[in-house]
Amino acid sequence: MEPGSDDFLPPPECPVFEPSWAEFRDPLGYIAKIRPIAEKSGICKIRPPADWQPPFAVEVDNFRFTPRIQRLNELEAQTRVKLNYLDQIAKFWEIQGSSLKIPNVERRILDLYSLSKIVVEEGGYEAICKDRRWARVAQRLNYPPGKNIGSLLRSHYERIVYPYEMYQSGANLVCNTRPFDNEEKDKEYKPHSIPLRQSVQPSKFNSYGRRAKRLQPDIESYVCRMCSRGDEDDKLLLCDGCDDNYHIFCLLPPLPEIPKGVWRCPKCVMAVVRTNQCAGEFVITFPRAYHSGFNQGYNFAEAVNFCTADWLPAGRQCIEHYRRLRRYCVFSHEELICKMAACPEKLDLNLAAAVHKEMFIMVQEERRLRKALLEKGITEAEREAFELLPDDERQCIKCKTTCFLSALACYDCPDGLVCLSHINDLCKCSSSRQYLRYRYTLDELPAMLHKLKVRAESFDTWANKVRVALEVEDGRKRSLEELRALESEARERRFPNSELLQRLKNCLSEAEACVSRALGLVSGQEAGPHRMTGLQMTLAELRAFLDQMNNLPCAMHQIGDVKGILEQVEAYQAEACEALASLPSSPGLLQSLLERGRQLGVEVPEAQQLQRQVEQAQWLDEVKRTLAPSARRGTLAVMRGLLVAGASVAPSPAVDKAQAELQELLTIAERWEEKAHLCLEARQKHPPATLEAIIHEAENIPVHLPNIQALKEALAKARAWIADVDEIQNGDHYPCLDDLEGLVAVGRDLPVGLEELRQLELQVLTAHSWREKASKTFLKKNSCYTLLEVLCPCADAGSDSTKRSRWMEKELGLYKSDTELLGLSAQDLRDPGSVIVAFKEGEQKEKEGILQLRRTNSTKPSPLASSTTASSATSICVCGQVPAGVGALQCDLCQDWFHGRCVSVPRLLSSPRPSPTPSPLLAWWEWDTKFLCPLCMRSRRPRLETILALLVALQRLPVRLPEGEALQCLTERAISWQGRARQALASEDVTALLGRLAELRQRLQAEPRPEEPPTYPSAPASDPLREGSGKDMPKVQGLLENGDSMTSPEKVAPGEGSDLELLSSLLPRLTGPVLELPEATRAPLEELMLEGDLLEVTLDENQSIWQLLQAGQPPDVERIRTLLELEKAERHGSRARGRALERRRRRKADRGGEGDDPAREELEPKRVRSSGPEAEEAQEEEELEEETGGEGPPPPLPTTDSPSTQENGLEPALGASSGSSGPFPTLTPRLHVPCPQQPPQQQL
């Protein structure tokens, strides 16, 4: 700090050095380099290179260390206070010339801090003594009562603590400065474990130094800077630099007396510097530099004490200084020197010389001290391994020096020893009781000294040997073994890396390389053509190599081998020059010379000329063989390779001529190859005649052309394709679509223009168009079935699990097979007979399967029943859940149950046949309550007239389709069933029943009507079968319960849902049956009904039989109620969606949305209101009419009341085909269009 300033000024930074990589590789050398600068401040910091990382040098398997114990009880503040107190009281007694020994009380160490604290709390020493309260002090220290412990504590307090307390208070107290010198009292004291501060006994002479005498008149005005006391002014020192005063016993280390001459205090002697050591940095502390430090957080570091050879004298002086100051040594200097002297071979030369010098001084001093011991009369001696003893057991009790070479001990005083410099201070016992404890005898020490001398002087002897060997001073070359022995001696004795040693290493490396090269040269000659390439040397290199071996200062027997090789190479060179001078020589002679040169292992200049001549001859022979007429045609790559190789051979007229011929042939071949490539890749395909001409012209070129070959193969494939087309077109049957598609695919890939391909593509396109039209006719929108599956009978209808799982697989897109159902392979589909036979077998299997399925499903519990019995078989809806409760419907074909919301359901007042007159509401048997599940009704079931139109279009196709043949089989099956149905309906019993049913309908329709009932969108006109006679007839008894009359339509409030509400009001009044069907009549009709429901065709006879069977049984009120509820829910959802769309349209209009189509917005709610399964089917019907050009169901026949109609009862109930007024058999000629056995020949 500056005078008058209160700000702290930190000391300057110590020198920082940043060595290069070259300097950092020699740490001790670099420290010696920077020592003149760094030693001035006592400390320096070294930053290694930036990319340096400390190596991992710990041997994990062998590394062992003793961890430092950190006592947790000493971490608290109270324990630290105790330690500080003990440190202060120990310092006090050290100043007094005594060491603190803590007594034991009741087998435990006395806590001096707690004793002092309790005494102060109890009122002080005088008050406790006056009131005799030392027993209370013992009790507070947790000692047991009795045993006079209080008096013992008083005694210890008076001897140890009380003098220190009086000293701290400033009182003048005359006390015993040697309270622990009494041997009897010392037995109960234990030396404390605190590191003792070094102390000096006050001088026995009351003499003042030079400065002290000078300052005697003003001694009262000075105080010590350490203890702030002014007493003992004869021990005060005045600094010549800053005039500060210090007690000689307050200094660290203390001084024994007032020094003479100029003396400066520590503040003026050493310049204080600082540094901050970071990770990876090194801090070097030089000898006699005081240093201290602290951690700034978590730290993991290592401190290493090392010394250089020039430190040894400083270390010896330090030990002598510590001895004068009576300060403990860090380690024994004598032990360090002796340990290094015991292994001199491990020391380098400089260190060995320094150790030898220190050892010599130490041995001379030891001789002198032991001689003085003999003169005193001490003759007893005992060898002692001092290095095995702890340091505190081998320290001199006088100067605190750690003994190693020798020490003086006493048999009567075994607790202490002294070094030989203080033999008079051991004890007052007789010299005869004292004895010498030594580590080495005086004969062993000179032997160790001699080994050091030999080690230090061994380098000179070795250097003379090496110098003679390298300079060949005696005229004899040393062998490699002798030189290696000298190099091994330097390595084993750890000689310094001198210039002479480097010369020896270089000589050895060069000689070993020459030997290895010579051995490789000899082994290369022995290996001959099998030796490794790239290892040959030139003739000039061989001569230089031989000179290098001769100039080396070592003898190598490989020199003779190298000389022999050189002679062989020179002889071969002369022979090669002679052969080249007499060109043209025989190719065999040149080749043999070339082979001999390769075996030499040495490159000769003439060998390259020989090689070029041989390559030229070989190339000409290769060209001649390639262009020979009888040779195999070469490829373009071979031609190009010959041209490239010809450019590197030796030039000659023959070579130029061969190159010209090759170039001309290659140009022609590439031109034809390019022409063939254009024919193969061009979009405009060429006819076969053009390709044949190109191939014929290219045959004359003696070169293998890949594109010409590919063009030839393509032409062959085109001819084979034309043959296949002719064969398939001239067969017994029309070709199958798959065959035509395969031919079209192959023909498109051929690079040949084919006239027949266009006609085949047109036929395939027409067939696909017909298949698409048939698919739209039969398949529902987004149907999971294929057209062929719909047209074929369901052969596995008997297995409910198989049928349902297959339907679910189709829904998930996992089932794609078309022909699996009938067991037909792809080859079977090509045979019409196989298709027809399989279809017939499938019909029978379908009928048997559905009967089995009906029996199985009839045993399942009804979801509508109030109580069901436990059954293993349970109905499963298409959604995967079990249908239960209201809303479940039973399929009329398979008798299985489904959720009404999961399937398409019929509308009650809709009819598949239009009628000009409305059906009476109470004619419940005419209500459309027939339900077929999606597993049974797989298609849209078009009318027979539509199917016949598709068959007519099929007959015009010159292609066979599996779907077409399946459609013919289905049509024949439908016509066959229609004939049987008409025959059944024309029987006498059925005709009578139909008459009664018509009479009943007329009565219901003739009931007085005040006004025309409202028209309901879901109740279209009925068919002629449901028409009455028009006569007024009384109400039919039994149709309404309790004889109540029917609620007139005008009583029902008009509006949405009024028709459904009307039907709901009629449900409690419906009863039946209205006809009585005998079992003989019912059974054939039910069988016909079953077969008709299996047909994927809509026939009017099916509906007539259904109504007749319905009239012969009670009305299914539960089904009617379920259908009404489902239709109400559907209409409610449609209205909600319509209102949502209307609100959306209005919001768009409010936002002023441009580009919106008002007509589309207007139609959107209508589409929503008409949504549902029936609306979707209606939309599909409209799309089908657009696709088929208006070929839809025929218009209804006019009704008639003629007697013939009443008598027959069949014709009015059956519809006829469009445009035909004759009877039904007229349909047969349209179905069975004659198929010619031999189709007409078509020109492709």
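## Close-up views of a predicted model

**View 1. A salt bridge joins R47 and E18 in this predicted model.** We begin with E18, which is exposed, with a relative accessible area of 57%. Its partner R47 is partly exposed, at 30% relative accessibility. Their side chains meet with N and O 3.1 Å apart. R47 belongs to the loop between β2 and α3, and E18 to the loop between β1 (16-17) and α1 (21-24), so this contact ties together parts 29 residues apart in sequence. The structure holds 61 salt bridges, and two further views below show others.

**View 2. E122 and R140 form a salt bridge.** Here the closest N and O atoms are 2.7 Å apart. E122 sits in the loop between α4 (112-121) and α5, while R140 is in helix α6, so the pair ties together parts that are 18 residues apart in sequence. Look at the surroundings too: E122 is buried at 11% relative accessibility, whereas R140 is partly exposed at 35%.

**View 3. E846 and R973 form a salt bridge between two helices.** The closest N and O atoms are 3.1 Å apart. E846 is in helix α29 (residues 832-858) and R973 in helix α31 (residues 962-985), and 127 residues separate the two along the chain. Both E846 and R973 are buried. Turning back to the residues of View 2, salt bridges with shared partners join E121, E122, D131, R133, R136 and R140 into one network.

**View 4. Y85 and Y164 are one of 18 aromatic pairs.** The rings meet edge-to-face, with 5.8 Å from centre to centre and 85° between the planes. This pair links distant parts of the chain, as Y85 is in helix α3 and Y164 in helix α7 (residues 149-169), 79 residues apart. Y85 is buried, with 10% relative accessible area, and Y164 is buried as well, with 4%. Follow the rings outward and you will find that Y85, F92, W93, Y113 and Y164 form one aromatic cluster.

**View 5. F404 and Y440 form an edge-to-face pair.** Their centres are 6.3 Å apart and the planes stand at 65°. F404 is in the loop between β9 (381-383) and β10 (406-410), and Y440 is in the loop between β12 (434-438) and α14 (444-471); the two are 36 residues apart. F404 is buried at 2% relative accessible area, and Y440 counts as buried at 14%. Y440 has another contact worth a look: R439 lies over the face of its ring, 4.7 Å from the ring centre.

**View 6. A nonpolar surface patch is made by F56, V58, V60 and F63.** The patch covers about 430 Å². Its member F56 is found in the loop between β2 (43-46) and α3 (77-95) and is exposed, at 67% relative accessibility.

**View 7. R132 and N142 each have a positive phi without being glycine.** For R132, phi is about 55°; this residue is in the loop between α5 (125-131) and α6 (134-140) and is exposed at 75% relative accessibility. For N142, phi is near 65°; N142 lies in the loop between α6 and α7 and is exposed, with a relative accessible area of 63%.

**View 8. The largest nonpolar core has 126 residues.** Those touching the most other members are W770, F778, C891, F898 and I1105. A second, separate core of 49 residues includes C554, Y572, L593 and V602.

Terms used:
Residues numbered from 1 in each chain as written. Predicted model: local features only at pLDDT ≥ 70, side-chain atom pairs only at ≥ 80, totals over all residues. Heavy atoms only, no water. Patch = residues over 30% accessible without salt bridge, like charges linked within 9 Å, V, L, I, M, F, W, Y side chains within 5 Å. Areas by Shrake-Rupley, 256 points an atom, 1.4 Å probe, with all protein chains shown as cover. Salt bridge = Lys/Arg side-chain N within 4 Å of Asp/Glu carboxyl O. Helix = DSSP H or I, 4+ residues; strand = E, 2+ residues; numbered from the N terminus. Buried < 20%, exposed > 50% of the residue type's maximum accessible area, 1.4 Å probe, protein only. Phe/Tyr/Trp six-rings, centres within 6.5 Å; stacked < 30°, edge-to-face > 60°. Lys NZ or Arg CZ within 6 Å of the ring centre and 35° of its normal. Core = buried A, V, L, I, M, F, W, Y, C linked by side-chain atoms within 4.5 Å.
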